[in-house]
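User: Hey, can you walk me through this one? I'm new to reading structures.

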Amino acid sequence: MAYTGNILRVNLSTGKAVKEKLNENWAKDYLGGKGLAIKYLYEELKPGLDPWSEDNKLILMTGPLTGTIAPNTGKLAVAAKSPATGTILDCSIGGHFAPELKYAGYDAVIIEGKAKVPVYLYLEDDQLELRSAAGLWGKGAHETEHSIAETLGDVVTLAIGQAGENLLPFACISSELYRQAGRGGIGAVMGSKNLKAISVRGTGGLKIPDIRKVSMALNKIKREDTMDEENMWAYTDGTPMIVELSQTTGILPTRNFQEGTFEGHENVDSEAVKGVLRAKKACFACPLACGNYVEKGKSRVEGPEYETLALCSSNCGIDDLEAVIEFNRLCDDYCLDTISAGNAVAFAMELTEKGIHDFGIRFGDIDKYLQMPWLISNREGIGAELAEGVSSMADKFGGKDFAMHVKKLEIPGYEPRGSWSMGLAYGTSDRGACHLRAWPAAVEAFGDLDPFTIEGKAELVKDMQDDNSVKFSAIFCDFWAISTGRMAEILSIFLEREVTAEELTTIGERVYNLARLFNEREGFTRKDDYLPRRIYDEKLTTGKTSGKNLPFEEYEKMLSEYYALRGWDEKGIITEAKKKALNL
Amino acid sequence: MQISLKLRGPLKKYGPGAETFEYTVNANSCTVRQLIEIMNIPPSSVSFVTVGDKKAGLDTLLEGNEEVTVYPRVAGG
Amino acid sequence: MKALFFHAEKCVGCKLCHLACSSQNEQVFNPRLARLKITSCYDRNGLTVEGKTCDLCMSCVESCPVDAIVEKNGRLAFDEDLCTDCGLCVDICPHEVIVGKDRGIGVCVQCRSCVNWCPTEALTFEEVNK
């Protein structure tokens with residue numbers, strides 16, 4: 001049995017919960033995870049809804065394979081309408097929450113309404129309790145998790161910190177201290193519902209026919225495919241390895257994307273992180289164990305991941321690993337998305353250095369930098385301004401051309417001027433600038449394709465977006481470079497029907513288009529699919545990207561080509577024919 | 001000729017044990033592709049090669065005394 | 001005699017061993033029914049990794065009043081027909097790795113599914129007196 005067939009719907013306004021049947025038709029068309037969560041939101045959220053209102057819904061969605069022994073399937077999709085962007089928002093979080101929810105007997109939890117006072121949810125199998133979070137409100141996610149564990153024992157918890165309580169548009173959700181549903185203010189949606197944490201203990205199990213035979217077959221797949229050389233970078237190094245690749249190719253965001261190389265890169269690359277490594281750490285059912293638990297000085301964190309190193313190190317001009325580890329730990333505790341936080345700090349640094357507005361913080365200023373997570377999370381001092389994100393900061397103080405965001409979501413760690421396909425991936429991502437919808441840099445800037453041409457890029461980005469959409473819906477971790485054929489093989493076992501690679505590609509395309517349709521309904525069109533002017537107008541001056549920009553006309557052409565491939569019109573609106581073809 | 005070779009991450013196993021080592025090629029020059037072949041590294045496992053601090057292609061010519069780093073494939077980000 | 005050994009410094013906390021054990025021995029994916037207990041979690045002191053596996057100490061064999069658990073050729077064997085569900089073995093096991101069930105119990109029978117699934121060789125099967 002792949003699905004439990006049950007959804008738990010909790011209304012925090014009334015304090016009532018109901019168990020309902022999973023919509024099987026939707027599960028067939030959207031599988032689970034990202035796709036199924038978006039389907040529920042598309043059907044249940046009123047168009048134009050204020051994401052801060054209590055009518056916004058928070059969905060925790062597992063995948064059909066979650067909780068089984070199929071490798072790398074233990075992640076959870078967390079979705080809502082984004083308070084940062086106004087778009088659809090789905091995040092992916094690892095750790096051990098998703099399988100625990102499945103063992104409790106649910107494929108998903110849908111959280112509606114708003115509690116009158118701060119609460120946290122405690123779910124154990126069929127028992128749900130709304131418990132007072134009075135003693136936890138105002139505390140970081142780390143203290144919250146420790147404290148709940150001391151009360152409830154071996155539960156798995158999703159928690160928010162001060163940033164979520166204070167409704168920051170880039171507040172995240174933490175689990176097991178260092179795993180995050182990071183982007184688009186998903187933690188602020190919890191905060192807006194007065195929901196401090198969700199803890200679950202599931203004591204049931206999942207049964208399938210021929211379980212021993214299936215396990216043996218999956219162990220072979222684990223050994224020969226998941227743990228193939230192609231994926232083992234995750235274990236030997238993890239994402240910090242990308243620092244070296246980005247530095248060499250000139251796409252490491254440096255000092256608010258003013259440069260693509262960082263002179264201090266050797267202090268914060270994979271070698272440096274390995275120097276302070278204490279243990280490798282995995283999510284549930286993952287043999288790759290990308291997590292690096294590190295300790296340096298008084299600070300410790302599971303991380304820092306590449307995105308944190310790029311945005312909070314080079315992009316802030318900070319080359320001190322201990323400072324970055326501490327910044328990372330604080331962000332995880334208060335629940336700040338490190339991509340957006342790093343961008344906000346770097347933007348304030350550039351505005352200060354350019355004399356546009358004096359925030360009193362400059363590139364490389366470690367002391368002030370380390371005060372930022374607290375000030376931002378609590379909206380104190382200059383933190384009150386940074387807490388709104390770079391788009392709002394630019395509206396108030398200027399610097400719009402170098403406020404690095406798309407659809408108000410701050411840009412991740414790959415400089416588009418040295419990876420033109422990443423530019424298109426950011427522009428057309430469903431939740432604003434994101435590197436997970438498609439990561440074409442892998443085969444372009446880091447691979448054999450010419451990074452400085454638009455040729456073939458539209459198709460590359462479209463195909464990757466579709467592949468990743470089905471991957472995040474079936475829920476396989478991004479770090480297993482799994483083929484759709486292999487996904488189909490594994491899904492066929494658990495869904496007990498023939499699933500084909502073609503069917504999966506169509507599901508991926510359907511999911512991506514449904515996300516687009518959600519955004520279309522909210523008024524998003526072509527006009528919102530653009531990058532900050534800096535990318536088009538300013539040439540980089542160092543390393544492999546010296547002299548490079550991404551000319552506006554080239555971006556326009558690439559975007560039009562992409563729409564045509566997608567079956568969207570020139571304004572980026574999905575054509576009726578495409579909707580029909582995808583059964584939308 | 002001698003090359004200072006670094007095999008990153010899971011590719012380390014194709015070397016003598018250490019990640020970084022000096023390697024002697026019995027020729028006066030060779031391409032990056034040939035070097036990878038000599039080392040018995042499956043080309044499909046390689047994403048990225050640098051010579052010095054520059055990204056190199058498979059046809060980049062090596063003439064000795066270079067620092068060559070071979071990276072595995074990476075995913076996600 | 002050979003038994004399971006746990007090497008904490010290699011464990012990544014993926015729980016694949018628990019899933020391997022429960023699917024092999026209980027025909028279900030349920031980590032709580034595994035006949036070993038491996039935990040890797042963050043507490044106030046940092047990362048704590050602990051592993052409990054059957055080391056053939058024979059406490060259960062000695063405590064069973066009806067000889068439902070016996071040792072045969074260096075392995076434990078359980079006979080459900082003899083078991084009276086007294087629960088003594090579950091309580092007495094110093095490693096807490098005997099699973100109490102609605103009917104009968106589950107002891108480690110050295111199937112080695114956990115060893116076969118462990119991605120980092122944190123679990124090994126070795127001579128007890130080594």
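Analyst: Sure, let's go through how the chains and domains touch. This is a predicted model, in which local features need pLDDT of at least 70, side-chain atom pairs count only at pLDDT 80 or more, and totals for chains, interfaces and linings use all residues. Residues are numbered from 1 along each chain as its sequence is written, chains are lettered from A and ligands numbered from 1 in the order in which they are written, and side-chain values use heavy atoms, with hydrogens and water left out.

User: Cool. Which chains have the most contacts between them?

Analyst: Two pairs of chains touch, and the most contacts are between chains A and C. Contact here means heavy atoms within 4.5 Å. Chain B and chain C have no contact, and their closest C-alpha atoms lie 14 Å apart.

User: How many residues are in the contact between chain C and chain A?

Analyst: Chain C puts in 28 residues and chain A puts in 45. Together the two chains bury about 3000 Å², with 57% of it on carbon and sulfur atoms. Buried area is the accessible area (1.4 Å probe) that two parts lose on being put together, summed over both.

User: Which three residues of chain C supply the most of that area?

Analyst: C:Phe29, C:Tyr42 and C:Trp117 supply 28% of what chain C buries against chain A, more than any other three residues.

User: And how many salt bridges are there across that interface?

Analyst: The rule finds four between chain C and chain A. A salt bridge is a side-chain nitrogen of Lys or Arg within 4 Å of a carboxyl oxygen of Asp or Glu. A:Glu100 and C:Arg32 form a salt bridge, at 2.8 Å from N to O.

User: Which elements of chain C are on that side?

Analyst: Those giving two or more residues are α1 (16–26), β2 (37–43), β3 (46–52) and α4 (113–117) of chain C. Helices (H or I, at least four residues) and strands (E, at least two) are DSSP runs, numbered from the N terminus. α1(C) gives the most, with five residues.

User: OK, switching to chain B. How many of its residues are in contact with chain A?

Analyst: 23 residues of chain B meet 27 residues of chain A. The two chains bury about 2100 Å² between them, and 56% of that is on carbon and sulfur atoms. On the chain A side, A:Glu229, A:Leu245 and A:Thr248 supply 29% of the area buried against chain B, more than any other three residues.

User: How many salt bridges does the rule find there?

Analyst: Six, across the interface of chain A and chain B. In one salt bridge, A:Lys274 meets B:Glu19 at 3.8 Å, N to O. The elements of chain A that give two or more residues to this side are α8 (233–236), α9 (241–249) and α10 (270–275). α9(A) gives the most, with six residues.

User: Is α9(A) mostly covered or not, and how many of its residues are buried?

Analyst: Mostly covered: nine of its nine residues are buried. Buried means under 20% relative accessible area, exposed over 50%, and partly exposed in between (1.4 Å probe, protein chains only).

User: What do those buried residues pack against?

Analyst: In chain A, the buried residues of α9(A) pack against α8, α10 and α11 (306–312), and in chain B against β4 (46–51), β5 (54–56) and β7 (67–72). Just after α9(A), A:Gly250 takes a positive phi of about 70°.

User: How is chain A divided?

Analyst: Into domain 1 (6–201), domain 2 (229–404) and domain 3 (425–531 + 551–581). Those bounds come from an automatic or database domain assignment.

User: How many residues of domain 1 of chain A are in contact with domain 2?

Analyst: 36 residues of domain 1 of chain A touch 34 residues of domain 2 of chain A. The area buried between these two domains is about 2500 Å², of which carbon and sulfur atoms give 56%. A:Phe170, A:Tyr178 and A:Arg179 supply 31% of the area that domain 1 buries against domain 2, more than any other three residues. The rule finds two salt bridges between the two domains. A:Arg183 also forms a salt bridge with A:Asp337, with the closest N and O atoms 2.9 Å apart.

User: Last one: is A:Lys578 buried or exposed?

Analyst: A:Lys578 is buried, with a relative accessible area of 18%. A:Lys578 is in helix α23 (residues 576–581) of chain A. Not counting residues up to four places away in sequence, A:Lys578 touches A:Glu509, A:Asn513, A:Arg566 and A:Gly567.
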